[in-house]
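This report concerns the empty space in a protein model, both enclosed and open to the outside. The structure is shown first, and the description of its pockets and cavities follows.

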Amino acid sequence: MLIDQTLAVVGGTGQLGAALAWRLARAGHNVVIGSRNAASAQARAAELGHGLTGMANRDAAAAADVVFVTVPFAAQADTLREIAPVLAGKLVVDTTVPLVPPKVMRVQLPPEGSAAERARGVLGEGIRLVSGFHNVAAHKLAQDVALDCDILVFGDSKDDRAAIVELAGRIGLRGVHGGALANSAAAEAMTSLLIFINKFYAVDGAGIRVTGNLLA
């Protein structure tokens, strides 16, 4: 569905952003990495290969049809305000998890209820917004390995969710509809639980799997 569209990964020099950009580009998509510094984005794009290009965050968002936001929680609001003027008509995928160091193993949802709802508050109701990719280990995503992990995708538009569910499948993950954007709180909270599980059981990148015959 999105194969002919340009995808931007804002914050694409970070661990999750770079891994996601690499997976998307390797699957045949035209992908632009964004960063606060254009030179850093260009250097990271050259390092990752697969035709990736790099720009400043706002320029990357302006050049794309679909914009992934992969910045830390502390940078989420400022980054969204920076790119908001160029997002009209685009699909925005927010991956933000509200981790608050040093207690990242403790669920700490923001007053808005979730990082996704916080994004909606910053961007306004007119923006097409979904959230997802909260529970996949970035270092696993960055490797050429099979990923035993489901991706929950949230959004108030079924069609927008479906586009990202399909895209997840193209990069080796199973996307699962998680319902309304408000439900993103569940996956965001789960990230802190998974961090705890990783440490407690000495697991290398625990993920989640939804059981049952999901054919809808």
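In this predicted model, the largest pocket is lined by 38 residues, and those that lie nearest its centre are Gln15, Leu16, Thr70, Val71 and Pro72. Two or more residues of this lining come from each of helix 1 (15-26), helix 4 (73-83), helix 6 (138-141) and helix 8 (184-201), with helix 4 giving the most, namely 5 residues. The volume of the largest pocket is about 960 Å³, and its lining, sorted by class, consists of 17 nonpolar, 19 polar and 2 charged residues.

Enclosed space was searched for as well, and over the whole structure 1 cavity of 30 Å³ or more is found. The space in the largest cavity amounts to about 30 Å³, and the residues that line this cavity are Gly132, Phe133, His134, Asn135, Asp150, Ile151, Leu152, Ala187 and Ile208. Strand 7 (residues 150-155) supplies the largest share of that lining, with 3 residues, while by class the cavity lining comprises 5 nonpolar, 3 polar and 1 charged residues.

The table sets out the volume and the lining classes of the two spaces.

| Space | Volume | Lining by class |
|---|---|---|
| Largest pocket | about 960 Å³ | 17 nonpolar, 19 polar and 2 charged residues |
| Largest cavity | about 30 Å³ | 5 nonpolar, 3 polar and 1 charged residues |

Conventions:
Residues are numbered from 1 along each chain as its sequence is written. This is a predicted model: local features need pLDDT of at least 70, side-chain atom pairs count only at pLDDT 80 or more; totals for chains, interfaces and linings use all residues. Side-chain values use heavy atoms; hydrogens and water are left out. On a 1 Å grid over the protein atoms alone, a cavity is a set of points where a 1.4 Å probe fits but cannot get out, and a pocket is an open set with protein on both sides within 12 Å along at least five of seven lines; lining residues have an atom within 4 Å of a point. Grid points are joined across faces, edges and corners, and a volume is the space filled by probe spheres set on the points. Helices (H or I, at least four residues) and strands (E, at least two) are DSSP runs, numbered from the N terminus. Ala, Val, Leu, Ile, Met, Phe, Trp, Tyr, Cys and Pro count as nonpolar, Asp, Glu, Lys and Arg as charged, and the others, Gly among them, as polar.
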